[in-house]
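Colleague: Got a minute to go through this model with me? I'd like the cavities, one helix and the salt bridges.

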Amino acid sequence: MQQYGTQLSTFAKIRAKASRHAANNPLALFRNVVTEDDVLNSPVMWPGVLTRLMACPPTCGAAAAVLCSADFATARGLDCSVRIRAQAMTTDRPITFEAHDMREVVGFSMARAAAQQVFEAAGVGPRDIDVVELHDCFAQNELISYEALGLCPLGGAEKFICDGDNTYGGQVVTNPSGGLLSKGHPLGATGLAQCTELVEQLRGTAGKRQVAGARLALQHNLGLGGACVVTLYERV
């Protein structure tokens, strides 16, 4: 906000977008649609910076995945149409603390480094991505993640949001599940929930949330203190 003049209303737009997406997700905790004004008028957590609806709800939940070989899956007729094309994990670096910048503390450079490694390994770029599930623990984190993942230029996130490039009909659909902001954030289960959403999108089984023609999907998940994992999935 200090560097680029980003308005508080821009973060409210992110939260309102999350609610519209979650309305089509039967597994989302909060399926009620909220408006930008609803978000701005919710209780203030940090004056001029954060309202309660801009923060995700830490929730109870669990997830499990069954891992098997490709041969096992094929022999049993399981759907093998989605695969991991590239993946990278990064950790905190000196800049996390030396920069004296909250954006670094919450993982900006970790996310950017992981995304760059993934795009280089896969031979694709951010503009090739159709759908993203990213770690929106706060609306503010979603905004800086757009820039860290290369979905828009540095300082370009506000225009990206206001132009509707983060939702259906725009450049890339972000958090079609409703994200942590509306789906809920069951901590350890959050990563598998993101994976499930993206696999369903690439299989074409996401119902009303379906991103038409989705072929490449990006997952961004992090834990502060601190590691970030970025994964690229593709439909084969």
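Modeller: Here is a short run through those topics. This is a predicted model, where local features need pLDDT of at least 70, side-chain atom pairs count only at pLDDT 80 or more, and totals for chains, interfaces and linings use all residues. Residues are numbered from 1 along each chain as its sequence is written, and side-chain values use heavy atoms, with hydrogens and water left out.

Colleague: How many cavities of 30 Å³ or more are there in the whole structure?

Modeller: The search finds 1. A cavity is a set of points on a 1 Å grid over the protein atoms alone where a 1.4 Å probe fits but cannot get out. The largest cavity holds about 30 Å³ of space, volume being the space filled by probe spheres set on the points.

Colleague: Which residues line the largest cavity?

Modeller: Val106, Gly107, Phe108, Ala111, Ile144, Ser145, Ala148, His220 and Leu222 (lining residues have an atom within 4 Å of a point). By class that is 6 nonpolar, 3 polar and no charged residues, with Gly counted as polar. Helix α7 gives the most, with 3 residues.

Colleague: Now α1. What end-to-end distance does helix α1 have, and what should it span?

Modeller: Its end C-alpha atoms are 22 Å apart, which agrees with the 21 Å that the 15 residues (8-22) should span at 1.5 Å a residue. The expected span is 1.5 Å times one less than the number of residues. Helices are DSSP runs of H or I with at least four residues, and strands are runs of E with at least two.

Colleague: Is α1 largely enclosed or open?

Modeller: Largely enclosed by the rest of the structure, because 11 of its 15 residues are buried. Buried means under 20% relative accessible area, exposed over 50%, and partly exposed in between (1.4 Å probe, protein chains only). The buried residues of α1 pack against α2, α7, α8, β5 and α9, contact meaning heavy atoms within 4.5 Å.

Colleague: And how many salt bridges does the whole structure have?

Modeller: There are 9, each a side-chain nitrogen of Lys or Arg within 4 Å of a carboxyl oxygen of Asp or Glu. One of them joins Glu142 and Lys17 at 2.6 Å, N to O. That pair links helix α7 to helix α1, 125 residues apart, and both Glu142 and Lys17 are buried.

Colleague: What about Arg83, which residue is its partner?

Modeller: Glu234, with the closest N and O atoms 2.4 Å apart. Arg83 is in strand β3 and Glu234 in strand β7, 151 residues apart. Arg83 counts as partly exposed at 48% relative accessibility, whereas Glu234 counts as buried at 5%.

Methods: On a 1 Å grid over the protein atoms alone, a cavity is a set of points where a 1.4 Å probe fits but cannot get out, and a pocket is an open set with protein on both sides within 12 Å along at least five of seven lines; lining residues have an atom within 4 Å of a point.
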